[in-house]
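User: Could you take a close look at one part of this model with me? I would like a connected tour of a single helix and its surroundings.

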Amino acid sequence: LFQSGAPSQIETLAPKPGLVDRFGQELPESIRRGQRLTTMTSGQASFPVAPSKFGARQHGESGALLGDLLPHTASIADKLCIVRTMWTEAINHDPAITFAQTGSQLAGRPSMGAWISYGLGSLNRDLPPFVVMVSTSGSKQPLYARLWGSGFLPTRHQGVKLRSGADPVLYLANAPGIDREDRRRMLDDLARLNGLRDDIDPERATRVEQYELAFRMQAAVPDLTDVSTEPASVLERYGPSVHEPGSFARNCLLARRLVERDVRFVQLYHMGWDHHSNLPAEVTKCAQDTDQASAALVRDLEERGLLEDTIVVWGGEFGRTVYSQGELTKENYGRDHHPRCFPIWMTGGGIASGVPVGETDEFSYNVVRDPVSTHDLHATLLHLFGYDHERLTYRFQGRDFRLTDVHGEVKPALLA
């Protein structure tokens, strides 16, 4: 459940209530340590501390401290492993999102979903093993299809995007005048033509496989996206926006339906978390759009016996600064990008539950204990999927590539 734009940790998963007493004070140089800033705030004459205007409380037997903007997430606090000490190498959105999705800041590497498809294969011949859905709280910041691409892996491993509306998958429906029997005969003829070739071309074979998958998806996708059979109690749990195709809530419900159908990897993106200004109003909107459905998905999976062999991860590409970007008032402020520490939550099969991982300093600026890098997260997830991250490789241009490149280690603190 990727929250694109970078949620502020101070308002969500890693509050710092003590900052209230430091309102407007200059961030100490001893905390900044000369670390790089973005060009959006590097020219500021002052870096005043901006406490969250929202409250925070402890929840569950674990006593997890969470922002009041996430009451539904708070209700499942004891099911979550909240990692407060993620860090990334990138300081701007595109390289950071690319890094989170592919293990490299440079575009062109296979996405994590593609690696999982490559490693584990498919369990459902009627649906792709890697499905992507996108929603927004009004962001104009783009996401690129390469984020769910297959890179140098065979293209059958790339993600398939489900869209809202009457045509969920582009070019899946038959053209006017072509019925299902016509399509079947065309595919059979195409297979016979390709059978005349003696040479083996992996990409040609992939294209033929995708034609056949598309034919089967013509029957499977309408059943997948028809939520009219869902009980009213289930729809109510996800919140009122579940009735809006393309909303985060509807996508969470579809994610559960995909998991039920043995789709290996489901990637949700929700755009809108990039709050350089007017943060209180904007972060409230994003929390309202995502909090209830995220918790509902976890409960829904658990009640259906699916959570024990499913992993759910919620988080963004980096965190936000404790100091205000631009003007600071009691009611309004913004926050810049901050890669040095940010939180995510995880739950599901093999994940430690009700356990906070890591500690940051009093300004939520630096990791004090138990850092977890993006490579470490990928290594740990691959471990849970049954793979040694150093051995899941693919040879390309004379080198064995892997999701974690030459970095990363499994973090036992995240494991049950």
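Which residue takes a positive phi just after α3, and what surrounds that helix?

Analyst: Happy to help! This is a predicted model, where local features need pLDDT of at least 70 and side-chain atom pairs count only at pLDDT 80 or more, while totals for chains, interfaces and linings use all residues. Residues are numbered from 1 along each chain as its sequence is written, and side-chain values use heavy atoms, leaving out hydrogens and water.

The residue you ask about is G103, with a positive phi of about 80° just after α3. Helices (H or I, at least four residues) and strands (E, at least two) are DSSP runs, numbered from the N terminus. Helix α3 spans residues 93-102, and seven of its 10 residues are buried, so the rest of the structure largely encloses it. Buried means under 20% relative accessible area, with exposed over 50% and partly exposed in between (1.4 Å probe, protein chains only).

The buried residues of α3 are H93, A96, I97, T98, F99, Q101 and T102. They pack against the helices α4 (112-120) and α10 (374-384), and also against β1 (2-4), β7 (265-271), β9 (319-324) and β10 (335-338). Contact here means heavy atoms within 4.5 Å.

Now for the cores. A nonpolar core is a set of buried Ala, Val, Leu, Ile, Met, Phe, Trp, Tyr and Cys residues joined through side-chain atoms within 4.5 Å. The largest has 57 residues, of which L1, Y238, L258 and W345 touch the most other members. Apart from it lies another core, of 36 residues, and A96 and I97 are among its members, as are L147 and L382.
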